[in-house]
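Trainee: Have you got a few minutes to go through a structure with me? I would like to take it piece by piece.
Mentor: Yes. Have a look at it, and then ask.

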Amino acid sequence: YKSIIEKHLKPSLGKYKLKSLSPALIQKFIDDKKRSGYSKNTTTLIFAVLRKSLRHAIHPFNYIKNNPAENIQLPKFDIRKKVTSFTPEQMQIIFKRFDSSHLFYIPIMIAYYTGMRLGECLALQWKNIDINSRKIAIDSTLYDKEKDKIRIVKAKTQTSIREIDFTDKLLNILKLQKKHQTEYKLKFGQFYEKNNFVCTHNNGRVITSNDMRYFAKWCKESFGENCSLS
């Protein structure tokens with residue numbers, strides 16, 4: 001919510017007095033979000049935060065008498081946007097470009113072999129991995145949209161909380177990652193960032209979705225499609 005306020009509401013509406021906010025102004029603000037390319041989910045969330053904030057302005061604070069956002073219509077979105085998985089041939093190109101020496105290798109491999117979402121891969125900790133039973137427990141996602149802040153957000157739905165089996169191939173990759181982390185801990189010493197994350201930089205810092213932005217850009221430039229690892 002704080003991110004929505006800082007990134008969307010304050011820059012566009014912060015200059016207005018509460019009493020000068022009109023339905024027409026808010027309708028244009030919401031319509032502009034769609035025109036700017038924001039998704040239905042993001043636009044809906046922005047509107048929900050705005051409307052609830054204005055409800056609080058009415059009660060209990062009595063700053064205004066009516067909510068100008070109450071009868072606003074959300075724009076229509078085409079939700080049929082096609083997202084395709086990478087083909088085997090494309091995956092071979094990806095494996096060659098982002099090999100075992102690359103920062104993106106571990107999150108790519110985890111996503112490829114498990115179908116986990118990117119945020120879930122980056123939030124994965126060693127305590128969530130059972131080597132003996134070959135299972136990964138998924139219960140959270142990494143959130144890094146706020147400036148200079150990283151948060152691990154617990155899953156809110158039962159469909160997001162789950163266990164996934166993994167193969168010997170991923171097991172060997174994870175074992176090698178654990179070995180590399182141990183080696184880098186010795187190399188960096190006191191400058192190594194101690195944590196329990198699986199996907200990390202050489203200095204121990206957790207990999208974020210901001211770090212991974214180049215991967216998405218590279219895929220779009222290379223394949224020209226809205227592809228997904230999962």
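Trainee: Let's start with asparagine 62. Is asparagine 62 buried or exposed?
Mentor: Asparagine 62 counts as exposed, because its relative accessibility is 61% and the cut-off for exposed is over 50%. Keep in mind that this is a predicted model.

Trainee: Where is asparagine 62 placed?
Mentor: Asparagine 62 is in the loop between α3 and β1. Its phi is near 60°, which is a positive value in a residue other than glycine.

Trainee: What joins histidine 59 and proline 60?
Mentor: A cis peptide bond, with omega at about 20°. Proline 60 is placed in the loop between α3 (40-58) and β1 (84-85).

Trainee: Back to phi for a moment. What is phi for arginine 134?
Mentor: About 55°, so to speak on the positive side, although arginine 134 is not a glycine. Arginine 134 sits in the loop between β2 and β3.

Trainee: And how accessible is arginine 134?
Mentor: Arginine 134 counts as partly exposed, because its relative accessibility is 29%, and partly exposed covers what falls between under 20% and over 50%.

Trainee: Those strands, then. What order do the strands of the sheet come in?
Mentor: The order is β2-β3-β6, in an open sheet of 3 strands with antiparallel pairing. At the edges stand β2 (129-130) and β6 (162-165); each has a single partner strand, so one side of each is left without a neighbour in the sheet.

Trainee: How many bridges join β2 to β3?
Mentor: There are 2 bridges between β2 and β3 (residues 135-138), and these strands run antiparallel. Aspartate 130 has lysine 135 in β3 as its bridge partner.

Trainee: New topic: empty space. How many cavities of 30 Å³ or more does a search of the whole structure find?
Mentor: The search finds 1. The largest cavity holds about 50 Å³ of space.

Trainee: Which elements give two or more residues to its lining?
Mentor: Those are α6 and β3. Among the residues lining the largest cavity are Met116, Glu120, Leu124, Ala137 and Asp139. By class, the lining divides into 5 nonpolar, 2 polar and 2 charged residues.

Trainee: What about the volume of the second largest pocket?
Mentor: The second largest pocket has about 370 Å³. It is lined by 20 residues, and the closest to its centre are Ser100, His102, Gln177, His180 and Asn202. Two or more lining residues come from each of α5 (105-114) and α7 (168-188).

Trainee: Which element gives the largest share of that lining?
Mentor: That is α7, with 7 residues. The lining of the second largest pocket has 10 nonpolar and 10 polar residues, and no charged ones.

Trainee: Last topic, two glutamines. Is glutamine 125 buried or exposed?
Mentor: Glutamine 125 is buried, because its relative accessible area is 15% and buried means under 20%. It lies in the loop between α6 (118-123) and β2.

Trainee: What is glutamine 125 in contact with, leaving aside neighbours within four places in sequence?
Mentor: Asn196, Phe197 and Val198.

Trainee: And where is glutamine 90?
Mentor: Glutamine 90 is in helix α4 (residues 88-97). With 11% relative accessibility, glutamine 90 counts as buried. A polar atom of its side chain lies 3.0 Å from the backbone nitrogen of threonine 87.

Methods: Residues are numbered from 1 along each chain as its sequence is written. This is a predicted model: local features need pLDDT of at least 70, side-chain atom pairs count only at pLDDT 80 or more; totals for chains, interfaces and linings use all residues. Side-chain values use heavy atoms; hydrogens and water are left out. Two strands pair if DSSP finds at least two bridges between them. Helices (H or I, at least four residues) and strands (E, at least two) are DSSP runs, numbered from the N terminus. On a 1 Å grid over the protein atoms alone, a cavity is a set of points where a 1.4 Å probe fits but cannot get out, and a pocket is an open set with protein on both sides within 12 Å along at least five of seven lines; lining residues have an atom within 4 Å of a point. Grid points are joined across faces, edges and corners, and a volume is the space filled by probe spheres set on the points. Ala, Val, Leu, Ile, Met, Phe, Trp, Tyr, Cys and Pro count as nonpolar, Asp, Glu, Lys and Arg as charged, and the others, Gly among them, as polar. Buried means under 20% relative accessible area, exposed over 50%, partly exposed in between (1.4 Å probe, protein chains only). A polar contact is a pair of N or O atoms within 3.5 Å; within protein, one must be able to donate a hydrogen and the other to accept it, and residues adjacent in sequence count only if both atoms are side-chain atoms. Contact means heavy atoms within 4.5 Å.
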